[in-house]
Amino acid sequence: MSRTPLIAGNWKMYKTGPEAVETALTLSRLCSKIQDVEVMIAPTFLSLPLVAASIEGTRIKIGAQNLYFEKQGAFTGEVSAAMIKAAGAEYVIIGHSERRLYFEETDTSVCRKIKSAIEEGLKPILCIGESETQRDEEKTFSVLDKQVSDGLKGFGPDELAQLVLAYEPVWAIGTGKTASVDQVGQVHQYLRSLLENLFSSNLAHTTRILYGGSVKPENAKDLMSIKDVDGALVGGASLDANNFIKIIKYK
Ligand code: PGA
């Protein structure tokens, strides 16, 4: 079974509703002939239903940038998996490094969020990655090992059939520094064997592993050509549809 590449745009805390809709509409026009690549955009919670409605029936999928793991209740300011699904999303980004850094997300909360996403039928994109210090101290693989093992603790391979992994070295996010082809290749190969050891060879084979961190039109082709790279999670370069389409058309 081959893995269809996924090019996902994480819009972070950018764009008002109307701005998000405008970008999504431009992107959907630019994407109308795209085949064999899946495209996803993740607007803010507020823009998500507007964007979903505006591009309904197009090839572009919608994702959320986060969720709260409880189903409902007195959790002021939070949004559940069911609410996200009902608003038109198919994917949800979980454990992004900015959430780990600024919002005290831990592998334990990440694991509960993955569970909640799976229970609602949302496809989780689990983000993992080492900091610059961790890389300098040669802890990259042990950090990733822990993030994957603890973030996916308690699941069997069948439950994880829709999982997407996103390797995003923290030092490459929004910095303009991209991991080298060798660094990305080594990590992605490592992650695939980790999935095999923890779950099954089938899951290791079918799970898409994205690279994220300063992906741009100029480096997309090189990154996407690396064995075991099945797509990209793009921040800054996804905000402008005319720029993002160049990454989507990396071939
Ligand atoms: P960047 O962000 O492309 O702006 O580096 C990537 C991400 O945070 O997912």
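This is a chat about strands, charges and rings in one predicted model.

Reader: Before I start poking around, what kind of model is this, and how are residues numbered?

Author: It's a predicted model, where local features need pLDDT of at least 70, side-chain atom pairs count only at pLDDT 80 or more, and totals for chains, interfaces and linings use all residues. Residues are numbered from 1 along each chain as its sequence is written, and side-chain values use heavy atoms, with hydrogens and water left out.

Reader: OK, strands. How many residues of β5 are buried?

Author: Six of the six residues in β5 (residues 123–128) are buried. Strands here are DSSP runs of E with at least two residues, helices are runs of H or I with at least four, and both are numbered from the N terminus. Buried means under 20% relative accessible area, exposed means over 50%, and partly exposed is in between (1.4 Å probe, protein chains only).

Reader: Which residues point which way from β5?

Author: K123, I125 and C127 go one way, while P124, L126 and I128 go the other.

Reader: And what does β5 pair with, parallel or antiparallel?

Author: β4 (residues 91–94) pairs with β5 in the parallel sense over four bridges. β6 also runs parallel to β5, joined by four bridges. For strands to count as paired, DSSP has to find at least two bridges between them.

Reader: Where does L126 fit in?

Author: L126 stands opposite I94, and its bridge partner in β6 is L165.

Reader: Switching to β8. Which residues cover its two sides?

Author: G231 and L233 are on one side, A232 and V234 on the other, and all of them are buried.

Reader: Which strands does β8 pair with?

Author: β1 pairs with β8 in the parallel sense over four bridges. β7 (residues 208–212) runs parallel to β8 as well, with two bridges. L233 is a handy landmark: A8 stands opposite L233, and L233 is also the bridge partner of G212.

Reader: Charges next. How many salt bridges are there?

Author: The structure holds 22. The cut-off is a side-chain nitrogen of Lys or Arg within 4 Å of a carboxyl oxygen of Asp or Glu. One of them joins R3 and D230, with the closest N and O atoms 2.9 Å apart. That pair links distant parts of the chain, 227 residues apart: R3 is in the segment before β1 (6–10), and D230 is in the loop between α10 (217–224) and β8 (231–234).

Reader: Are those two buried or exposed?

Author: R3 is partly exposed because its relative accessible area is 23%. D230 has 7%, so it counts as buried.

Reader: Got another pair that links distant parts?

Author: Try E132 and K177, where the closest N and O atoms are 3.2 Å apart. E132 is in helix α6 (residues 132–136) and K177 is in the loop between β6 (164–167) and α8 (181–198), 45 residues apart. E132 counts as partly exposed at 39% relative accessibility, and K177 is partly exposed too, at 40%.

Reader: What about D150?

Author: D150 forms a salt bridge with K153, the closest N and O atoms being 3.7 Å apart. D150 is partly exposed at 22%, whereas K153 counts as exposed at 57%. Elsewhere, salt bridges that share partners join R3, R192, K227, D228 and D230 into one network.

Reader: Rings now. How many aromatic pairs does a search of the whole structure find?

Author: Five. Among them, Y68 and F75 are tilted, at 5.2 Å centre to centre and 50° between the planes. Rings of Phe, Tyr and Trp (its six-membered ring) pair if their centres lie within 6.5 Å; planes under 30 degrees apart count as stacked, over 60 as edge-to-face and the rest as tilted. Ring pairs link Y68, F69 and F75 into a cluster.

Reader: Which charged residues lie over rings?

Author: K15 lies over the face of W11, 5.3 Å from the ring centre, and the charged end of R99 sits over the ring of F103, 4.3 Å from its centre. To count, NZ of Lys or CZ of Arg must be within 6 Å of the ring centre and within 35 degrees of the ring normal.
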